Each structure stands twice: as structure tokens, then as C-alpha cells.
Amino acid sequence: MTDTQSSTDVRTPTAARVHHVPVRTAAPRVSVVVPTYNEARNLPHVFARLPADLHEVVVVDGRSVDDTVEVARALRPDVRIVQQSRRGKGNAMACGFAAVTGDIVVMLDADGSADGQEIERFVAALTAGADFAKGTRFAGDGGSSDITALRAWGNRWLNRIANALFGTRYTDLCYGYNAFWTHCLPSLDLDPGTECGDVQRWGDGFEIETIINTRMAKAAMQITEVPSYEHPRLHGTSNLDTWRDGFRVLRALVVERCNGRGRAVLADVDSLASRRGDAAAVSGARRGASRTA
């Protein structure tokens, strides 16, 4: 089975119209965003599994008290270090997304649970036509040697609620290994903020995956699931709490169903194409300013 064949379409309702104008390239520049907090012991393994031809690796550090930043720079001198403004994985992702300069954004955990070699699968799904490549442990050859029976049960129920509320066909709502084109960023509407301190606002925690998944659906992005295998954390202790974060995900589903965040946004085609030097993409995009999912 090839990587592209392993992808599964998860289409949003056909009545929704996409008003963004994606500008794609056959050889995309891939930016990998890695949120970290005391992950110095895990980074050698994580970085060793990354593809060699990445455009950039953006490490978003949550004020680690170990040698995370020093280890990242030693392993990869070209690494970009971003200090997150608040606290939590969601804020780290928002800060990282604001810093990327590539065409594709890949979300990759720093604990060793996600295999960087799978990035090629996600990129293949995006270059084949998807806007958002959603990792799944529960389809195709995906799997997990880390998830507990309780978390798997909770994920299934949260999945069913999300699909009922947003018209999706997700199989793994709570998995954080995802990738998308940068033209999706305006629809995600994530604000890293300018304040700096040990505070956590709504959206700054583990509910970030749910917020991203639901806003991609509300923006009528073309969504494809990509099978992925989750490994156990290598070193350290996870900050995930099954019940606390499960209720945060449930709350996120209700909040996102009621708010107006994540609607389709018209992209600035001229600036996108100018940045990539892709004049042909501009004329093609202008000929079809909207499409159905």
C-alpha cells in the first residue's frame, strides 16, 4: 500500500462553500512545529526521525528548566526557537503557527510518540488535493501502543459527538499529529497573544486539537485522514489528564458549535503567490475563487 492510498477522505458537508483561494506547489516547503517543555532527553530521537529535506523546524519552548533549547540547537543548528507567550500546548501551537515561513505546517509532539518518518505520508495527502491531513490511530494501518482503554473509549464518544455536530467522519478526534497548508491559518483564527506569563487562556490547553479539527470542518476545508502509529512517550511524564482534558474537549465541541470562529476566509492570493514566486497559481486560483469540499 502506498502512502497516498492509505489516506481516507473525511469530507465536510457539500452545501458549505470554500471562499479561500489555496495556492499550492508540487514541491512544498515543509515547516515542522514542535512544542516542548523539558524534552531534552527526547529530542535526539525525535530529530533523528525527521526527513532531511525540511524547510524548517520550529521549536516552541514553554520556558523549559532543562537543556531543551541547548539540545535542539546542538542537534540542528538551523532550528528556529520560539518562546511561547503563555502556557499550554494550544498556546505553543499558536505561537509556532505565527512563526512558520513554509507552505505546509506539520504538528509534531516532542515526546517521541509520533514518528517523523510519517511526515511524508501527510505531505503526500496534501499534495494530492487535501487542505488538512488529519492523523488517525484508528483507520488503515494506524495504531497505538500508548493509548489506554479508558482514553480510547472516551475518544470514541467524543468522536461521535464531533461528527454529529460538524458533519465530519473523523475516526480519531483527539490525535495531535496533523498537517495542513498555510492558507488554512486564517480560518483557524488562533491568536498567540502579546502578553507573557504563567497564564493559560481558553484554547491554550490540549483542547487545541479539537479546536483545529472543528474549525477546519467549519471552514469547509478538504479533509483527509492519514493513518499513523502512536508510540509510548520515551522519557518524562505527560501533562495529559484523562478526565480533566476530556471535559475540556467536550466543552470545546460545544463552544465551537456555537461560535462563529473558523469560517472560510478569502486568502490574499497576490501576497501568497509573490512569496512563493508562483504566478501561474494566481491565474489558476482567480479562475476558481471557490469550490465545494
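Let me start with the salt bridges, of which there are 12 in this chain, where a salt bridge is a side-chain nitrogen of Lys or Arg within 4 Å of a carboxyl oxygen of Asp or Glu. Please keep in mind that this is a predicted model, in which local features need pLDDT of at least 70 and side-chain atom pairs count only at pLDDT 80 or more, while totals for chains, interfaces and linings use all residues. Residues are numbered from 1 along each chain as its sequence is written, and side-chain values use heavy atoms, with hydrogens and water left out.

One of these salt bridges brings together the side chains of Asp103 and Arg29, with 3.3 Å from N to O. Asp103 lies in the loop between α3 and β6, and Arg29 in the loop between β2 (17-18) and β3, so the pair ties together parts that are 74 residues apart in sequence. Helices here (H or I, at least four residues) and strands (E, at least two) are DSSP runs, numbered from the N terminus. As for burial, I call a residue buried under 20% relative accessible area, exposed over 50%, and partly exposed in between, with a 1.4 Å probe and protein chains only. Asp103 is buried, at a relative accessible area of 2%, whereas Arg29 is partly exposed, at 26%.

The next pair is Lys89 and Glu209, whose closest N and O atoms are 2.6 Å apart in a salt bridge. Because Lys89 sits in helix α3 and Glu209 in helix α7, this pair ties together parts that are 120 residues apart in sequence. Both Lys89 and Glu209 are buried, and together with Asp109 they are linked in a network of salt bridges.

A further salt bridge joins Glu207 to Arg248, with 2.7 Å between the closest N and O atoms. Glu207 belongs to the loop between α6 and α7 and Arg248 to helix α8, so here the parts tied together are 41 residues apart in sequence. Glu207 counts as buried, at 0% relative accessibility, while Arg248 is partly exposed, with a relative accessible area of 22%.

Let me turn to the strands, and to β4 in particular. How many of the residues of β4 are buried? The count is 6 of its 6 residues, with Glu56, Val58 and Val60 pointing one way from the strand and Val57, Val59 and Asp61 the other way. On one pairing, β4 runs parallel to strand β3 (residues 30-36) over 6 bridges, pairing being called if DSSP finds at least two bridges between two strands. Within that pairing, Val33 stands opposite Val58. β4 is also joined to strand β5 (residues 80-83) by 4 bridges, again in the parallel sense, and the bridge partner of Val60 in β5 is Val82.

Both connections have a defined hand: β3, helix α1 (residues 43-48) and β4 make a right-handed β-α-β unit, and β4, helix α2 (residues 68-75) and β5 make a right-handed β-α-β unit as well. Right-handed is meant in the sense that, with the strands pointing away from the viewer, the path from the first strand over the helix to the second runs clockwise.

Now to the interior. The largest nonpolar core (buried Ala, Val, Leu, Ile, Met, Phe, Trp, Tyr and Cys residues joined through side-chain atoms within 4.5 Å) has 30 residues, and those with the most contacts inside it are Val33, Phe97, Phe180, Ile212 and Met216. The elements giving two or more residues to this core include β4, α3 (89-99), α7 (208-218) and α8 (242-258), and the largest share, 5 residues, comes from α3. Taking contact as heavy atoms within 4.5 Å, and leaving aside neighbours within four places in sequence, Met216 is in contact with Phe132, Phe180, Cys184, Leu188, Met221 and Ile223. A second, separate core has 29 residues, including Phe47, Ala72, Ile104 and Ala133.

Pro192 is my last local example, and it lies in the loop between α6 (185-188) and α7. Pro192 counts as buried, at 18% relative accessibility, and, not counting residues up to four places away in sequence, it touches Ser85, Arg86, Asn91, Ala94, Cys95 and Ala98. The C-alpha atoms of Pro192 and Met93 are separated by 8.2 Å, although these residues are 99 apart along the chain.

For the chain overall, there are 10 helices and 12 strands, and buried residues make up 54% of the 293 residues.
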